[in-house]
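This report walks through one protein chain, taking in turn its strands, its sheets, its domains and a few individual residues. Please keep the sequence and the coordinates at hand while reading.

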Amino acid sequence: MNNLYRWCTLAALSVTLMACQNTPNDNKHEQQKAMPITLDQIYHQQTFKSQWLGQIRWLADGSGYTAVEKSRPIAAKSDQTHSAEDIVFYHPQTLARTVLIAAEQLIPEGSTEPLAIDNYLWSNDRSQLLIYTNSKKVWRSNSRGDYWLLKLKTRKLTRLGGENVKDSSLMFAKFSPDGNRVAYVFDNNIYVESLSNHSIKQVTSNASEGIINGLFDWVYEEEFSIRDGFRWSPDGNSIAYWQLDTRGSKDFIMINNTDALYPSLTRFPYPKVGEQNALAKIGIVDLATAKTTWAKLPNNSRDMYVPRMNWSGNSSQVLIQHVNRKQDTNHLYLTDIKTGQVSLVLTEQEENFLDFYDDAQWLTNGNHFIWKSERSGWRHIYKVARDGTSMLNLTDGAFDITELTMIDEQQGWLYFIASPDNVAQRYLYRSKLDGSLLNQRVTPAQYMGINQYQMSPDGQWAIHRHSSFDTPTTAQLIKVEGHQQQQQLMTNEELHAQMAKLAKPEHEFFQVTAQDGVVLDGYIMRPANFDATKKYPIIFYVYGEPAGQTAQDKWRGNAYFWDQLLTEQGFIVASIDNRGTPAPKGRAWRKSIYGAVGILASRDQADALKAMAARWSYIDTERVGIWGHSGGGSMTLNMLFRYPELYQVGIALAPVADQRLYDSIYQERYSGLLTDYAESYQQSSPITHAKNLQGKLLLVHGTGDDNVHYQGTERLINELIKHNRQFDFMSYPNRSHSIREGEGTSLHLKTMMTNYFNEHLK
């Protein structure tokens, strides 16, 4: 893999060579002309805020797209609580702009303000529009709110849910295929509302304490990335849905000490490692009779998961994915909606674990579906026969695809994202659905970095977004064939102008080799006035878990500017991806950490530091810092506790100190079942090695973290106290896992972190 790709572009190499050839006085002169960056600019004034395109929706026929854009204030009201917004239509060929829905049309009767548009959804015939507004947070996303129906012909605006519906109480509303009804979840049951007379029919009625229909518990939503728990049949006569029985899953309790005179408690089912999970079932309800038929999944129990389910190209069968608790086997069953009987179509099985779940995407005739698999050792896309008897690899090669972008059946193309030659970058490719042509690159060579595409349903047009490490995101409308640019949609000119006032740091992507020969990828940032003859303290940003890759050639927004500030203050900044991170480097790379999360990964991080210090003499190995958030907080603890001779300062934000305290789905997937790997859980957890702390540790956690619980940090504190290991600690009252709620929180956190590195690493 050493020669798989070259990290640096000619331009980047040129910048690096010029910087090395400049004298210190030359660089100092350039630095004096630049404006120093401040934390207040980044986190309070938002001086370096990026543009945002808004909520773009391609129309189903590919004739154009709609977007939410700011409108003028209604009737010049200066006291509006939010900006008025229009929904506008753009024609891709002519670039003509038409206001489809003016903000004035979204003023409910009796109100003077238009609805704030949190989301919107068109009916298939575009005659009706659902507006999602007044949304409230449920766990990690705003998935509960109000839904309003706008009929374009009559301009009538109606709130769904009936006259007595509570505010912010509906979830996941969506049109039936014919557009005559809307289904939604209310109080854990599914309802269907007629759009002709707004009569409401309850189609599930068994929700109770611990029984939920059409939505998910905390751990399913977080670890399987699913929130909407029901699916309309193509003919509109049935709805397939998840039911979860969370009874028996123990509640986690969080205390809120800050919002009232007396504390309040939040309770929610949260199965930790080895504890009892919810029981998941799939029901198919006949809307005429409101009778549910349950899928007869073999050996279904609380030790089985149902991470995906969808209609199978017709209205008579549902494809259900059934996964064991160890998560090394996924059975795909076609399920008859009348009898609930199932037939096995395909089995995905890994030696260690399956680390992604996607819906099968059915081709129009229903004879085949598109499926992602790592059975070849690489993540690829296959066309699978309905009965599973044949599989055609449509992206074959010694590389991973990272995303299935769209399927253009009419022209016979499959579009996907990959980067066979550079794992830090992403490009659009396509293959023929019949396998006659594979892996044709679509993205031109000029767009080096990360590329994303929001394609029209007919495959003719796309919104193309591009960024790189030090280049903010731009967006353009393109014609896909030939990648022809039609219109520049976003340039981030104001941000570029602000960046031009700053002293730009150097950066470089590089590779180093671990002690067993495995190649590790990373980036390094050096000060604008860098002098290779000097010694610099170095700060590593780390994640290191299977949920994130840090060494990517993409724009990181405020994270980039904070790193730039650190370089201005005399630090070098770097990041390394250890084994187990989701870099597109093959199955073996990702699965090698099984049963030992944190052990091999931390060794890789230490190996990388040693190799970098041997290569670059300007790295001061007596002044090495590291920080990370969530899994990166855990890795920070691992580096300080396991390699105290290498790392002098660490800041751990919201870490998993003891893996036995985290949720069952995520931790058991990568660490194995507790009954099989009890010793590994202990040895992999940072808390076990806390007695080895020698350097300076700043431990930070939000007390309202529903994801990585404050409980784990309190246990770690006790362990450090037991061994008389001194450390610094900051709790953020009632903040969640992101530690960003509350006025001034981000600025306070980053100020504290900056000061800590300056005090203890300089």
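How many of the 6 residues of strand β26 (residues 380-385) are buried? In this predicted model, 6 of the 6 are buried, so strand β26 is largely enclosed by the rest of the structure. The burial applies to both faces of β26, with H380, Y382 and V384 covered on one side and I381, K383 and A385 covered on the other. As background to this division into two sets, side chains in a regular strand alternate between the two faces of the sheet.

**Strand β26 and its hairpins**

Strand β26 pairs with strand β25 (residues 368-373) in the antiparallel sense over 6 bridges, and within this pairing I370 stands opposite K383 of β26. The two strands form a hairpin with 6 residues between them, in whose turn G377 has a positive phi of about 100 degrees. Strand β26 is also joined, by 3 bridges, to strand β27 (residues 391-393), and these two run antiparallel; here K383 stands opposite L392 of β27. K383 thus faces I370 in β25 and L392 in β27. The hairpin of β26 and β27 has 5 residues between its strands, and G388 in the turn has a positive phi of about 80 degrees.

A further hairpin is made by strand β3 (residues 85-90) and strand β4 (residues 97-101), which pair in the antiparallel sense over 4 bridges. I87 has I101 in β4 as its bridge partner, and L95 takes a positive phi near 65 degrees in this hairpin, which has 6 residues between the strands.

The table lists the three hairpins with the residue of positive phi in each.

| Hairpin | Residues between strands | Residue and phi |
|---|---|---|
| β25 and β26 | 6 residues | G377, about 100 degrees |
| β26 and β27 | 5 residues | G388, about 80 degrees |
| β3 and β4 | 6 residues | L95, near 65 degrees |

**Two open sheets**

One open sheet consists of 4 strands in the order β20-β21-β22-β23, with antiparallel pairing. Because β20 (304-311) and β23 (342-349) stand at the edges, each with a single partner strand, one side of each is left without a neighbour in the sheet. The twist from one strand to the next averages 20 degrees. Inside this order, strand β21 (residues 317-324) and strand β22 (residues 329-336) pair in the antiparallel sense over 7 bridges, and Q317 stands opposite D336 in β22.

Another open sheet has 8 strands in the order β36-β37-β39-β38-β40-β41-β42-β43, and its pairing is mixed. Its edges are occupied by β36 (506-513) and β43 (728-732), each of which has a single partner strand, so one side of each is left without a neighbour in the sheet. The twist averages 20 degrees from one strand to the next. Strand β38 (residues 536-541) and strand β40 (residues 619-629) run parallel and are joined by 5 bridges, with I619 in β40 as the bridge partner of Y536.

Two helices lie across strands of this sheet. Helix α6 (residues 558-568) lies across β37 (519-526), β38, β39 and β40, running at about 65 degrees to β37, whereas helix α9 (residues 631-642) lies across β40, β41 (649-653) and β42 (696-702), running at about 145 degrees to β40.

**Two domains and their interface**

The domain assignment of the chain gives domain 1 (203-393) and domain 2 (505-761), whose centres, taken over C-alpha atoms, are separated by 33 Å. Contact between them involves 33 residues of domain 1 and 31 residues of domain 2, and together the two domains bury about 2900 Å², 54% of it on carbon and sulfur atoms. In domain 1, the residues that lose the most area to domain 2 are E223, V273 and F353, which together account for 25% of what that side buries.

**Two loop residues**

N578 lies in the loop between β39 (572-577) and α7 (587-591). Is N578 buried or exposed? N578 has a relative accessible area of 0% and is therefore buried. A polar atom of the N578 side chain lies 3.0 Å from the backbone oxygen of G544, and a polar contact of 2.9 Å joins the side chains of N578 and Q605. Leaving aside neighbours within four places in sequence, the residues in contact with N578 include L520, W589 and M635.

L53 is found in the loop between α3 (39-45) and β1 (57-58). L53 and L489 are 436 residues apart along the chain, yet their C-alpha atoms are separated by 7.7 Å. Beyond neighbours within four places in sequence, L53 is in contact with V68, I463, R465, A475, L489 and M490.

How values were computed: Residues are numbered from 1 along each chain as its sequence is written. This is a predicted model: local features need pLDDT of at least 70, side-chain atom pairs count only at pLDDT 80 or more; totals for chains, interfaces and linings use all residues. Side-chain values use heavy atoms; hydrogens and water are left out. Two strands pair if DSSP finds at least two bridges between them. Axes are lines fitted to C-alpha atoms, for helices over the stretch in contact, and angles run from 0 to 180 degrees between N-to-C directions. Buried means under 20% relative accessible area, exposed over 50%, partly exposed in between (1.4 Å probe, protein chains only). A polar contact is a pair of N or O atoms within 3.5 Å; within protein, one must be able to donate a hydrogen and the other to accept it, and residues adjacent in sequence count only if both atoms are side-chain atoms. Contact means heavy atoms within 4.5 Å. Domain bounds come from an automatic or database domain assignment. Buried area is the accessible area (1.4 Å probe) that two parts lose on being put together, summed over both.
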